Structures are given as C-alpha cells and as structure tokens.
Amino acid sequence: ANIHEMGCKLIACIFASSSANDAGDLQYYETIILSLKEHSDTPENVAAACSALRNMCLFQMSYAQNPSDISMKSYASEVFNSMALHEDNVSILEHASGALWAFFCAQNSNVLSCVTDNTISTIVRAMNRFPGCSHLQRNGIGIFWAVFSVSGRGSDFVTDDLVSMVVRFVGERESDAADMISAIDIVLALTSMGFQALEILLKNEMLIYSIVGCMRRYPHSPSIQGASIDVLSNIAVNHDIKTEIFQSGGTDRIIFALGTLQQDRTVVCKAFAALANLVSAANAKILRANNATTVMIDAMKAHQQIVSIQIGAASTLWALASSAAFFQDDIASLGGVEAVAEAMARFVTSEQMQSKGLCFVWSLAIPKHLKKRVGWCAIEPVVNGLSAHISVEKICSDGLGCIKTLALNPSNRGLLEECGIFELIHACLWRHSENSSVCEAALGAFCNLSVIVHPHLGDQVLQIVTEDLQPICFVMETHAHVKGVQELSMKLLKNFALSPVNILELEMHPSIAALVQAAVTTFHDSFGGREDYLDLLQILATYSQSY
C-alpha cells in the first residue's frame with residue numbers, strides 16, 4: 001500500500017508539472033484505477049490515487065489529448081466507491097470529488113453514462129456534511145454543472161437535497177466568480193427541465209433570497225447578473241412568485257443591473273425581458289423612487305441599433321405605464337415616447353417591434369393631456385407600422401385602437417390625414433372583412449375620425465365619398481349577427497348624416513337602409529340609444545324612396 005501511495009503521489013507530481021512534450025502518453029490510468037480498487041481501504045492511498053487521476057485529466061484538457069484505453073465507467077465507479085467508503089474523511093472526499101470534477105470536464109459528452117442516483121446522493125451528502133470545506137464545495141458544484149448544464153439531460157437526478165445544497169452554495173458562499181457562475185447555471189438549468197424539476201426548485205424557501213443575495217455580492221459580474229436575471233424571469237410563473245421576487249429585492253436588483261451594466265447588451269436584453277413580466281407585481285412608488293423609468297429609457301437609448309433590446313424596452317415601458325398613471329407622465333417627460341417611436345421607425349419590418357410599440361403608444365395616448373404630444377411624434381411610425389404589417393390581425397387591431405385614441409385630439413387629425421389614414425382604414429376593412437374584431441377596431445377609429453369636436457369652431461364632419469361607404473356596407477352584411485360591428489357601423493353612419501353634403505352621398509347607396517333595418521330587427525332593444533337609430537332608419541328610408 002505504501003508503494004502504491006508513493007507511486008500515485010509521484011505520478012500526480014509529474015502531471016502537475018509536465019509539458020506536453022515530456023509527459024509521454026497517458027498510459028497510467030488503468031494502473032492507478034487498479035491501485036485505487038485494490039487499496040480502497042487505505043485512506044492515504046485513496047487520496048493519492050485521486051490526486052493523480054485529477055492531475056492527469058487536467059493535463060488531458062490542457063493539451064487536448066485523449067486517453068487511449070481508459071474505461072470511463074471504471075474510472076467513475078471506483079472514485080464513487082471510494083467516496084462512499086470514506087464518507088467521514090473530508091480529505092478523501094475533497095480529493096475524490098476533485099478527480100470526478102476533472103474527469104467530467106474532460107469527458108463532458110459522456111457524463112450521464114457514468115452517473116447514477118447514488119452518485120448524486122453521495123456527493124450531495126458529502127457537501128452537506130462538510131459545508132466548510134471550500135474545495136469539496138467547489139468540486140461538487142463543478143460536477144453538478146457538468147451533469148445539469150453541459151449534458152442538459154439530468155432532470156432525473158433532481159431532488160430536494162440537491163436543490164437545497166446548490167441554493168445554499170449560491171446564497172451563503174463568498175466563492176470565486178467562476179464557481180458562482182457554475183452554481184447559478186445549475187439553478188438556471190433546473191428552471192428549464194420541465195414541470196417536475198421546477199416544482200422541486202420552487203419548494204425551496206431560500207431560492208429567491210439566495211439568488212438576490214448573489215446578485216448583491218457580485219454586482220459587476222455580467223455573467224452572474226445575466227444568469228440570475230434569467231432564473232428570476234423563469235420562475236416568475238404566477239403573481240405570488242412575482243410579488244415575492246419584488247419583496248425580496250429581486251426586481252430592484254434587476255433594475256440596478258440594468259443601470260450598472262448598461263453597456264452590456266446581453267444583460268440589458270435579459271433585464272428587459274424579466275422586467276416586462278415583473279413590474280406588474282411591484283410597488284409602483286418604490287420603483288419610481290429607484291428611478292426605474294430613467295434607468296430603462298437610458299438603457300434603451302444606449303442600444304438603439306439592437307432590435308431585441310428595443311422590443312424588450314418597449315414591452316417593459318408598456319408594462320410600467322400600465323402599472324400606475326404617474327409613470328405615463330414620467331415616461332413622456334423623459335423622452336420615452338420619442339425613443340419607442342424612433343425604434344418603430346428604425347425597425348419597421350420587425351413584427352414584434354411594431355406589436356410592442358403599438359401597445360405602448362396606445363397606453364400613453366389614453367390620458368387626455370398626453371394625446372397631442374404622443375400624436376406629434378408617434379402618428380407617422382404607427383401608420384407606417386400598421387401599413388407594413390397589415391396582414392397581421394393583432395397588429396391591425398392594436399394599431400387601429402391606437403389611432404382611435406389619438407383621433408380624439410383635434411390636432412392629431414391633420415397628421416393622420418397626411419399619413420393616408422382613411423385609405424389605410426379602408427384597406428384594413430377589406431383585407432380583414434371576415435374578422436369581426438379587426439372590423440370593430442377599424443369602425444371605431446373611423447367613428448372618432450368622422451367628427452371633430454372643436455371648442456371654438458364647432459363640430460366638423462368628414463365629407464365622405466363612395467370609397468368610404470363600400471367597405472362599411474360590406475362588413476355590415478358580412479357580420480349581420482355581430483352586435484359590435486352593427487352598432488359601430490350605425491354610429492358611423494349617424495355621424496356622416498350630420499352633414500347635408502354627406503346626405504347626397506348616402507342617397508347613392510339605398511342598400512344602407514336595408515342593412516340598418518336588419519340590424520335593428522336582429523338586436524331589437526339591445527342597442528343603446530335605439531331611438532337615434534330609428535331616426536337614422538327613417539331618414540335613410542326617405543332617401544331610398546326619393547332615390
């Protein structure tokens with residue numbers, strides 16, 4: 001045993017100091033594995049053999065050599081057996097875990113072929129038994145990183161004990177950044193391994209606290225911040241968890257990372273993706289006190305040429321504006337509307353950019369005092385985005401809803417006309433004539449554009465032409481049993497009838513009277529203001545008879 005011990009120590013020293021030219025081939029694996037097997041009851045020999053195996057594997061990685069005749073399962077099983085046999089010997093556990101870590105790093109493509117449930121539980125027990133042994137903890141994390149991150153197929157090995165051990169490592173240890181990155185990557189891998197693994201992970205009461213604590217300890221590490229943000233984003237599957245993340249300081253840490261690492265595009269992209277989902281459960285006043293709006297807009301402006309960041313920023317600002325009314329004013333005063341409008345104009349071919357941008361603009365256009373400002377900078381990109389993606393039903397619905405809201409401000413009417421808004425509404429009605437939701441959105445926008453209520457000049461009614469009435473008649477006939485389409489159509493016709501000039505045009509379409517009669521008959525008394533519609537019906541009937 002003494003001879004084997006000294007021989008293993010000598011080989012360990014050789015491979016710790018050798019270069020590729022003087023170490024010879026890797027012919028010692030089988031000899032050392034055999035020594036480990038035959039003298040497994042001798043602690044000194046086991047430690048020496050594991051040390052030699054570790055150095056040989058590290059040498060292999062350093063010089064990209066492949067061990068010729070090594071039996072991977074034999075290597076792993078003998079080291080595991082040594083750990084199980086000497087569970088109370090911290091020195092052996094440290095050396096054996098080091099050998100396993102090095103072996104898995106060298107053979108990561110074959111990790112799962114050497115791992116069993118007993119393997120994982122043995123390492124977990126060792127780490128829990130000796131939490132103060134830094135080398136053992138680091139080696140264990142390295143092993144699990146190989147199993148869960150590199151292989152990507154370790155979901156069968158996820159247990160409460162394993163999760164507790166990794167979460168404890170993340171939350172308590174002041175480790176080298178590389179080791180902490182591995183630990184966070186393990187947690188991140190667990191969030192993507194399916195429902196069962198995620199359920200086990202979420203049962204750990206220290207999970208969120210540990211992740212947030214790790215973010216605090218490594219504020220300037222893009223890798224740790226990015227992976228931690230991804231973990232928080234992935235586990236935020238319901239409102240309760242989102243609230244817990246905020247109360248634990250997670251949302252604030254993401255905002256802090258967004259500001260501190262503003263130039264790191266990966267962190268910024270991840271932060272926006274997470275915040276878009278988390279701000280709805282956050283305390284708006286605390287977010288405002290932490291300058292969340294300023295940080296978000298500054299980060300967006302710092303990466304104007306990266307479409308994924310612009311999409312994430314627009315989505316996050318939309319969520320922020322929806323969470324509290326004062327954020328709408330903050331966003332507008334800090335240039336957020338202009339930033340999103342510029343992104344929509346810059347990436348007009350991006351469907352996602354237009355979709356998120358339209359929802360954001362729509363939410364900012366709702367307050368009466370912001371309509372003019374929002375319209376001034378956003379009408380053109382809104383119309384252009386809707387035109388570029390007119391085949392997409394959701395973009396049509398959101399874009400037309402946005403236009404409907406902006407049209408309530410008289411100063412926006414001229415800008416909308418300059419952009420060809422009426423032709424665009426006609427095109428939406430024709431293209432999506434089978435979709436009642438898009439038709440309702442288009443008719444609603446048309447209604448708000450048909451009459452301008454001016455405080456000094458009085459009401460101004462749109463002067464219509466045949467091209468305005470044809471799509472309205474068509475969708476009324478197509479959706480004869482859809483109340484929303486019928487009601488909006490008749491409201492629009494009522495607005496048109498306010499102008500004597502328009503009455504002449506209505507005389508050219510006697511079918512309108514029949515469509516209105518059919519709608520009133522179908523829905524009986526369910527229309528609000530039914531008498532107004534009967535008045536319209538009477539007028540149209542008179543015109544039809546005269547025609």
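This report walks through the fold, the main pocket, the aromatic pairs and a few single residues of a predicted model.

## The chain as a whole

Let us start with the overall picture. The chain carries 31 helices and 2 strands. Of its 547 residues, 55% are buried.

Contacts across the sequence are worth a look too. Among contacts with a separation of 6 or more, 74% join residues that are 24 or more positions apart.

## The largest pocket

If you open the model and look for the largest pocket, expect a volume of about 350 Å³. Its lining is made of 16 residues, and those nearest the centre are Arg54, Gly98, Trp101, His135 and Asn139. Sorted by character, the lining residues comprise 8 polar, 4 charged and 4 nonpolar.

Which helices supply the lining? At least two residues each come from helix H3 (43–62), helix H5 (90–106), helix H7 (134–150) and helix H9 (177–191). H7 gives the most, with 6 residues.

## Aromatic pairs

The structure holds 4 aromatic pairs. In one of them, the ring centres of Phe326 and Phe327 are 4.8 Å apart and the planes meet at 55°, so this pair is tilted. The two partners differ in exposure: Phe326 is partly exposed, with a relative accessible area of 23%, whereas Phe327 is buried at 0%.

Another pair is formed by Phe422 and Phe446, whose ring centres are 5.9 Å apart; their planes lie at 45°, so this pair is tilted as well. Phe422 belongs to helix H25 (residues 421–431) and Phe446 to helix H26 (residues 436–450), so the pair ties together parts that are 24 residues apart in sequence. Both Phe422 and Phe446 are buried. Ring pairs also bring in Phe496, making a cluster of Phe422, Phe446 and Phe496.

## A charge over a ring

Here is a contact of another kind to find on screen. Arg253 lies over the face of Phe256, and the distance to the ring centre is 4.4 Å.

## Two buried residues in helices

Ser182 is part of helix H9, one of the helices that supply at least two residues of the pocket lining. Is Ser182 buried or exposed? Its relative accessible area is 18%, and the cut-off for buried is under 20%, so Ser182 counts as buried. Setting aside neighbours within four places in sequence, Ser182 is in contact with Ile141 and Trp145.

Arg168 sits in helix H8 (residues 160–172). With a relative accessible area of 17%, Arg168 is buried, because buried means under 20%. Arg168 and Ile211 are 43 residues apart in sequence, and their C-alpha atoms are 9.9 Å apart in space.

## An unusual backbone angle

Most residues other than glycine have a negative phi. Asn291 has a positive phi of about 60°, although it is not a glycine.

Where is Asn291 found? Asn291 is in the loop between helix H16 (284–289) and helix H17 (292–301). Its relative accessibility is 46%, so Asn291 counts as partly exposed, a class that runs between the 20% limit for buried and the 50% limit for exposed.

Definitions and conventions: Residues are numbered from 1 along each chain as its sequence is written. This is a predicted model: local features need pLDDT of at least 70, side-chain atom pairs count only at pLDDT 80 or more; totals for chains, interfaces and linings use all residues. Side-chain values use heavy atoms; hydrogens and water are left out. On a 1 Å grid over the protein atoms alone, a cavity is a set of points where a 1.4 Å probe fits but cannot get out, and a pocket is an open set with protein on both sides within 12 Å along at least five of seven lines; lining residues have an atom within 4 Å of a point. Grid points are joined across faces, edges and corners, and a volume is the space filled by probe spheres set on the points. Helices (H or I, at least four residues) and strands (E, at least two) are DSSP runs, numbered from the N terminus. Ala, Val, Leu, Ile, Met, Phe, Trp, Tyr, Cys and Pro count as nonpolar, Asp, Glu, Lys and Arg as charged, and the others, Gly among them, as polar. Rings of Phe, Tyr and Trp (its six-membered ring) pair if their centres lie within 6.5 Å; planes under 30 degrees apart count as stacked, over 60 as edge-to-face and the rest as tilted. Buried means under 20% relative accessible area, exposed over 50%, partly exposed in between (1.4 Å probe, protein chains only). A charge sits over a ring if NZ of Lys or CZ of Arg is within 6 Å of the ring centre and within 35 degrees of the ring normal. Contact means heavy atoms within 4.5 Å.
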